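Biologist: I would like to go through one model with you, a piece at a time. Please show it first.

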Amino acid sequence: MSETRLPEGAELEPERYELDDALPYRFAVGRRGFIQLLGGVVVLVAATPGSSQESGRAGRAEGQETDLAAWLHIAEDGSVTVFTGKVEFGQNARTSLAQAVAEELRSPLSTIRLVMGDTDLTPFDMGTFGSRSTPYMAPQLRKAAAVARELLKELAATQWSVEAAALEVEGGEVRHAATSRAAGFGALTKGQKLVRTIAGEVATTPADRWTIAGRSATKVNAREIVTGRHRYTSDLGPGSFAPSQLLQGKVLRPPAMGATLASVEQSSIESLAGAVVVTDGDFVGIAAKSAGEAARALESLKPKWNLTAQPEGRELLDKLRQPPDGPREGRGGGPYVVGSVADARDKAAHKLEATYTVAYIAHVPLEPRAAVAQWKDGRLTVWTGTQRPFGVKSELAEAFHLAEDRVRVIVPDTGSGYGGKHSGECAIEAARLARTAGRPVKVVWTREEEFRWAYFRPAGVIDVKSGTEADGRLVAWEMHNYNSGSSAIRTLYDAAHQHIEFHPGRSPLRQGSYRGLAATANHFARESHMDEIAAAAKLDPLEFRRRNLKEARLRAVLDAAAEKFGWAKAKSGGGLGYGIAGGFEKGSYVSTCAEVRVEPSGAVRVVRLVAAFECGAVVNPDQLRNQIEGSLVMGLGGALFEAVAFDRGVIQNPRLSGYRVPRFSDVPRIEVMLVDRKDLPPAGAGETPIVAVAPAVAGAIFAASGQRLRALPLVPQGMPKAKA
Amino acid sequence: MPVLELLVNGSRHRVETDADESLLTALRDRLDLTGTKYGCGEGQCGACTVLLDGKPVRSCLTPASSTAGKAITTIEGLEEGGRLHPLQEAFIEKDAMQCGYCTPGMIVEAAALLRRTPNPGEAEIARAMEGHVCRCCAYPRIVEAIRAAASNAPKPRPGGGPATRTGA
């Protein structure tokens, strides 16, 4: 089969990501017929308003059913299924959300099944990012399960003619102790269909009485993972589709960013017998029986490109300080100003100013972008690993001019994202190829494609000015972040005069979300500068922070980490240095202490990290520790050596051999302290622990070497040579 | 298309492959053994690790044609009669994974390590595993899991082979 399709009216927009504009039209979509089909007990949870959140792209709640947050179904056979638009990317939502439901249903964890991230079956969800699964989705599911439990009790009370208050739910059954009666959930429904919608508050079990949630639980699909049986999107293959049906696709990439296709030699296309070739605007792709065949066919094409001028790598910092093209409205949010920094600095005993920079870094999810697309009866289904199934559904609908209800996106549990998989490029590519091929097509990006054509954590420049009294009281604080973002830009330290502002920049590279977003950059600048003031004032870094900090939760983690670390006795010297930093983000608080060895050769090794972390009530302590440890080590990569190099639209290190990520030998001794606040609701936890790593390490390097490093990564090639 | 005979997890398979096809592609796309993962294509991440005659190799850099007649063991071959390999047990027990994408490669490499060195220390483990990337950075737990598997594994019988099955 061979087909060539030259540009037609339908234009692909594979670069449509990170757009702030909304769709021009908003159409209503009817309630999904799916719920009507369910028998047994269905509990629908209404969404709470005001849950806007940070995303790689403006949220597209339009045209979606946004009135529901989740639903829970108890079938006549007693099986419990929970439907949530959240997805599992390694943050353990599948297990921790199931725990929340098991808790309220007083049922074994193994009896709860989660359907996640399937746009036909699960309620609309903005996306899995911003550490919101535990603080927002878990309470919703908890409510649904609590209502279902009470409903089952009512059913049993009626059927047995007893008081509902005399009933207990335990071990997945409703029990009446006085008459020794017990019945499973399915039996109680007796083939009836019961639907309840809950909008208001529902009493749920307080955290201090949890027996399933709040405890360590084995990952529900751990066995599938360790045996290799779990199928990530990139593993969907002949086993999932009719054998010999599935084709593999490859997409032609330009030689540099900003290049557009001038032409592809027609004769070179026609010679590719056996492959499906699609040319559509700037999109050129090939689907063939094997990925190798598709790649070889692609290499035989002779494309011509129109290149556009792209900035040189050394121009980066200048570009970041320039405002972006186009409208600025809605970006940056304006400055936060209290008092007069200029006046306060004039009178201050110590004045300091410094500039800090952070590099672009790549997410490097170990599973690259992948998608399998299938068209059937005018309906498009795409399996793909995205953190925004409903967002990608909208992207597909838009790219193919389809009504939203003609598109279904299904997200298999995915090989990680860290904020790097918000966009639907790969889904669109697979769908475009599949439409012409008339067969399902799978596209899996190579590692090099991930490095070149995904998006990065933004680079940034941050200017800080401060003024401090002779007694170590911080009075003036001015901070300007150019391009990297506004997350956690505000300081929690007491300064009577403040000016804090985010300035969007002219980013030479495509940029988007990352674990912790700009909080890492802003904490690096803020906490490094706090250290610099302390050094100038000859104060201990912890003592200086304590003198200027009333915020109790941040103080608590700083003190906890310092105590565990032995900060009071830690005296830097002999190549060893100690650093401390504190931070907050997504409603949780962290402090990190670092011990660093700087060798005479300039080699730098982080020997030990101690982190104290507080995110309200802890839902699953072991999984939380796993997230914190992972965050700390991942943070070391960006702190020490990760950086994307580019020049004139071309990524210079698009391979793992040229882009160093943390490995076993980089892992220091790690101690994690959880400050469990059962009196507070659980807050986001997957991101915040990363934010204090870089400044703590930078502080420790200064303490060990006397050199203050103000650029992330700190030591990509070891300690920088002292300037002549 | 060259036809190869591959011996995978104890079974013989006749496989049609492209010229120069990697063992990784042959396993995943021809035999649907997708536990072995693609991560980088240049031998830098270890996600594609399999055992070739008991030795760990990067299947993305190994031509399928070079493996004909050799015993190939993939992650799917470590489980025996529904009983998990001690490393698989230990990875579950220690929760040594987050997204789990690197896990099969880690377990296969560690199986070879424990066969060479039944009771490795932390430094030996880090050295042996250095070629593997866990982007979720669950490294401390992976080390813990390998140590746990080493101490849980039945001791090799005198004069016999290793009690844990690490190769086909």
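Modeller: The model is a predicted one, and the questions below take up a sheet, two helices and a single residue.

Biologist: In what order do the seven strands of the open sheet in chain A run?

Modeller: The pairing in this open sheet is mixed. Its edge strands, each paired on one side only, are β11 (276-280) and β18 (407-410) of chain A. Averaged over neighbouring strands and ignoring direction, the turn between them is 20 degrees. From one edge to the other, the order is β11-β12-β9-β19-β16-β17-β18.

Biologist: Do β11(A) and β12(A) pair in the parallel or the antiparallel sense?

Modeller: Strands of a sheet pair through backbone hydrogen bonds, and both senses occur. Here, β12(A) covers residues 283-288, and its Ala287(A) stands opposite Val276(A). Five bridges join β11(A) and β12(A), and the sense is antiparallel.

Biologist: Which strands does α10(A) touch where it packs on the sheet?

Modeller: Helix α10 of chain A spans residues 389-399. Its direction makes about 145 degrees with that of β18(A). The strands it touches are β17 (379-384) and β18 of chain A.

Biologist: At what angle does α11(A) run to β16(A)?

Modeller: Helix α11 of chain A is formed by residues 425-437. It lies across several strands, among them β9 (247-251), β12 and β19 (441-444) of chain A. Relative to β16(A), residues 370-376, α11(A) runs at about 35 degrees.

Biologist: Why are α10(A) and α11(A) called oblique to each other?

Modeller: The two axes come within 10 Å, and the crossing is right-handed. An angle from 35 up to 65 degrees is neither roughly parallel nor roughly perpendicular. The axes cross at roughly 40 degrees, so α10(A) and α11(A) count as oblique.

Biologist: How many charged residues are in the contact of α10(A) with α11(A)?

Modeller: From α10(A), Val392(A), Glu395(A), Leu396(A) and Ala399(A) take part, and they meet Ala427(A), Ile428(A) and Ala431(A) in α11(A). By class, six residues of this contact are nonpolar and no residue is polar. The number of charged residues is one.

Biologist: Is Ala645(A) buried, partly exposed or exposed?

Modeller: Ala645(A) sits in the loop between α16 (621-640) and β26 (646-647) of chain A. Burial takes 20 or more C-beta neighbours within 10 Å, and exposure 12 or fewer. Ala645(A) has 15 such neighbours, so the class is partly exposed.

Biologist: What distance separates the C-alpha atoms of Ala645(A) and Ala359(A)?

Modeller: Leaving out residues up to four places away in sequence, Ala645(A) touches Gly313(A), Gln652(A) and Asn653(A). Ala359(A) is 286 residues from Ala645(A) along the chain. Their C-alpha atoms are separated by 8.7 Å.

Key:
Residues numbered from 1 in each chain as written. Chains lettered and ligands numbered in written order. Predicted model: local features only at pLDDT ≥ 70, side-chain atom pairs only at ≥ 80, totals over all residues. Helix = DSSP H or I, 4+ residues; strand = E, 2+ residues; numbered from the N terminus. Contact = placed C-beta atoms within 7 Å. Axes fitted to C-alpha atoms, helices over the stretch in contact; angles between N-to-C directions. Parallel < 35°, antiparallel > 145°, perpendicular 65-115°, else oblique. Left-handed = near helix turned anticlockwise from the far one by under 90°. Nonpolar A, V, L, I, M, F, W, Y, C, P; charged D, E, K, R; others polar. Pairing = 2+ DSSP bridges.
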